[in-house]
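Here are some notes for a colleague who is opening this structure for the first time. Please keep the sequence and the view at hand while going through the points.

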Amino acid sequence: NDVTEISIIGDEVVVWTKGGTYRRISLENGEILSEEQLNVECDLEEVFNHGERFLLSSKDGWAWEFVDGQITVARKLRGTIQDAVYDNDDWRVISWREDLMLRGESVQRTDLGVQLIKQDETWMVMDNQGHYSPHMLN
């Protein structure tokens with residue numbers, strides 16, 4: 001299976017494959033510490049992490065939050081995740097012409113969001129035209 005994402009967390013490397021398999025590998029000696037399966041049919045395109053908290057994005061628009069070996073949230077989006085940031089409360093997500101909080105509401109946007117950036121305590125979205133606007137603004 002092709003590798004989708006590699007994250008370094010402490011003294012381990014976490015490797016995710018497109019099919020949802022993930023391995024924990026020791027940074028010290030390269031030993032495979034564990035190999036597990038997500039147990040949902042998926043074609044992972046992006047994996048975001050905040051420590052041991054992962055947000056997985058599949059090409060069919062499904063997103064899953066994965067914490068401590070468990071899926072804690074599953075949500076179907078309008079498209080794949082373009083960028084996501086965990087803000088210590090919830091995942092802030094930009095998807096296909098949409099801003100959303102993973103556990104909450106969503107707001108449509110005219111242009112395609114490309115990146116989430118925090119400016120002076122406000123989460124901003126840079127769109128594909130190079131303009132900035134607040135995340136979740138109606």
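**Notes on the strands, hairpins and salt bridges**

1. Strand β1 is joined to strand β2, which covers residues 12-17, by six bridges, and the two strands pair in the antiparallel sense. Within this pairing, I9 stands opposite E12 in β2. Please bear in mind throughout that this is a predicted model.

2. The pairing just described belongs to an open sheet of four strands, which follow the order β1-β2-β3-β4 and pair in the antiparallel sense. Because β1 (3-9) and β4 (32-37) stand at the edges and have a single partner strand each, one side of each is left without a neighbour in the sheet. On average, and with direction ignored, neighbouring strands of this sheet are turned by 15 degrees against each other. As general background, strands of a sheet pair through backbone hydrogen bonds, either parallel or antiparallel.

3. Moving on through the sheet, β2 and β3 run antiparallel and are joined by five bridges, with E12 standing opposite S26 in β3. These two strands form a hairpin that has three residues between them, and G20 in its turn has a positive phi of about 95 degrees.

4. The next pair, β3 and β4, is also described by five bridges in the antiparallel sense, and here T21 stands opposite Q37 in β4. This hairpin has five residues between its strands, and G30 in the turn has a positive phi of about 80 degrees. As for cover, β3 is mostly shielded, since five of its six residues are buried.

5. Which residue meets E12 in a salt bridge? The partner is R24, and the side chains of the two meet at 2.9 Å, N to O. The pair links distant parts of the chain, with E12 in strand β2 and R24 in strand β3 (residues 21-26), 12 residues apart. R24 has a relative accessible area of 17%, and it therefore counts as buried, the cut-off being under 20%.

6. A salt bridge is also found between the side chains of R53 and E65, at 2.9 Å, N to O. R53 lies in strand β6 (residues 53-58) and E65 in strand β7 (residues 62-67), so the pair ties together parts that are 12 residues apart in sequence. R53 counts as partly exposed at 22% relative accessibility, whereas E65, at 0%, counts as buried. Both residues belong to a network of salt bridges that links R53, E65, D90 and R103.

7. The side chains of K118 and E121 meet in a salt bridge as well, at 3.7 Å, N to O. In this pair K118 is partly exposed, with a relative accessible area of 44%, while E121 counts as exposed at 67% relative accessibility. A search of the whole structure finds nine salt bridges, and the three pairs named in these notes are among them.

8. For the chain as a whole, the count is zero helices and 15 strands. The radius of gyration is 16 Å, close to the 14 Å that the globule rule gives for 138 residues, so the chain is as compact as a globular protein of that length. Taken along the principal axes, the C-alpha atoms fill a box of roughly 45 × 30 × 25 Å.

9. Of the 138 residues of the chain, 46% count as buried. The accessible surface comes to about 7,600 Å², and 42% of this belongs to carbon and sulfur atoms.

Technical notes
Residues are numbered from 1 along each chain as its sequence is written. This is a predicted model: local features need pLDDT of at least 70, side-chain atom pairs count only at pLDDT 80 or more; totals for chains, interfaces and linings use all residues. Side-chain values use heavy atoms; hydrogens and water are left out. Two strands pair if DSSP finds at least two bridges between them. Axes are lines fitted to C-alpha atoms, for helices over the stretch in contact, and angles run from 0 to 180 degrees between N-to-C directions. The radius of gyration is taken over C-alpha atoms; the globule rule is 2.2 Å times the number of residues to the power 0.38. Buried means under 20% relative accessible area, exposed over 50%, partly exposed in between (1.4 Å probe, protein chains only). Accessible areas come from the Shrake-Rupley method with a 1.4 Å probe; for residues, only the protein chains shown count as cover. A salt bridge is a side-chain nitrogen of Lys or Arg within 4 Å of a carboxyl oxygen of Asp or Glu.
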